[in-house]
Amino acid sequence: MNTLKNYTDEQIIKMIENHEIEVGDFLDSGICPTCFDKRHKGVLYGDASTRMIYEDETMECQLVGNPRAEGHTIISTKKHFRDMMELDDETCQKVFVMAKKVMNALKDIYGAKSVYECTMCDGEMNHFHIQLIPRYDYEKRGSKNFVKERKEYKEDKEKLNKLRERLNQ
Ligand SMILES: [Zn+2]
C-alpha cells in the first residue's frame, strides 16, 4: 500500500468501501483516521449519530459502540489534538467541564455508583479523547474498571433521551 496521501478523499472512500484499506493504513500514512471519519460522517467507524448525546463546535460526546459498561461515553474534540498536553486552555476547560456534566448525568440517569475518567492518548497519530466509564453497585471499585470486558451496545431510548435533554440544557 502506497501512502494514502497520494489519493483524494473520494478515492480513499472508494478503497474503504472495497475493503482495500484499514485503519492501520491511515496511521502509516500519517493521516488521522478519526478526523477523516468525522469529516466524512462515519465512513470508517460507522454512523454514530444514534449514539451522539451532545455536540457543539468544540466537541462530540457519544455513547461507545462497544462499551465497557452501560453509559460508557467518549468525548472527542472536533479539531485535531494528539493528546491533552496539546490542548489550548479554552478547549481543555470546555471539554472537562462537559466531562463533569456527563459524569453527573450518568450517575443520576444510569444509576452509576461512580464514573471513572481517563485519557491515555499515545502515539504519533492519535486523536484526543476522554473516556467516561460508569462503575455500578455490583462492581468492585478500583482500576480494573478501566479494562472491563467490552460488550455489545444496547440502545435504551428512555435513558438516551434523558441524557440528551440534560446535556443540552
Ligand atoms: Zn484527528
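Two strands count as paired if DSSP finds at least two bridges between them. Helices (H or I, at least four residues) and strands (E, at least two) are DSSP runs, numbered from the N terminus.

This is a predicted model, where local features need pLDDT of at least 70, side-chain atom pairs count only at pLDDT 80 or more, and totals for chains, interfaces and linings use all residues. Residues are numbered from 1 along each chain as its sequence is written.

**View A. Strand 3 meets strand 5.** Here residues 73-77 (strand 3) and residues 129-135 (strand 5) pair up in the antiparallel sense, over 4 bridges. Look for Ile75, whose bridge partner in strand 5 is Ile130. Ser76, meanwhile, sits opposite His129 of strand 5.

**View B. Strand 5 and its other pairing, with strand 4.** These two strands are antiparallel as well, with 5 bridges. Val115 has Pro134 of strand 5 as its bridge partner. Of the 7 residues of strand 5, 6 are buried (20 or more other C-beta atoms, placed from the backbone, within 10 Å of a residue's own), so the strand is largely enclosed by the rest of the structure.

**View C. The whole sheet.** It's an open sheet of 5 strands in the order 1-2-3-5-4, with antiparallel pairing. Strand 1 (52-55) and strand 4 (114-118) are at the edges with a single partner strand each, so one side of each has no neighbour in the sheet.

**View D. Gly42 in its loop.** You'll find Gly42 between helix 3 (33-39) and strand 1. Gly42 is exposed (12 or fewer such atoms), with 11 other C-beta atoms within 10 Å.
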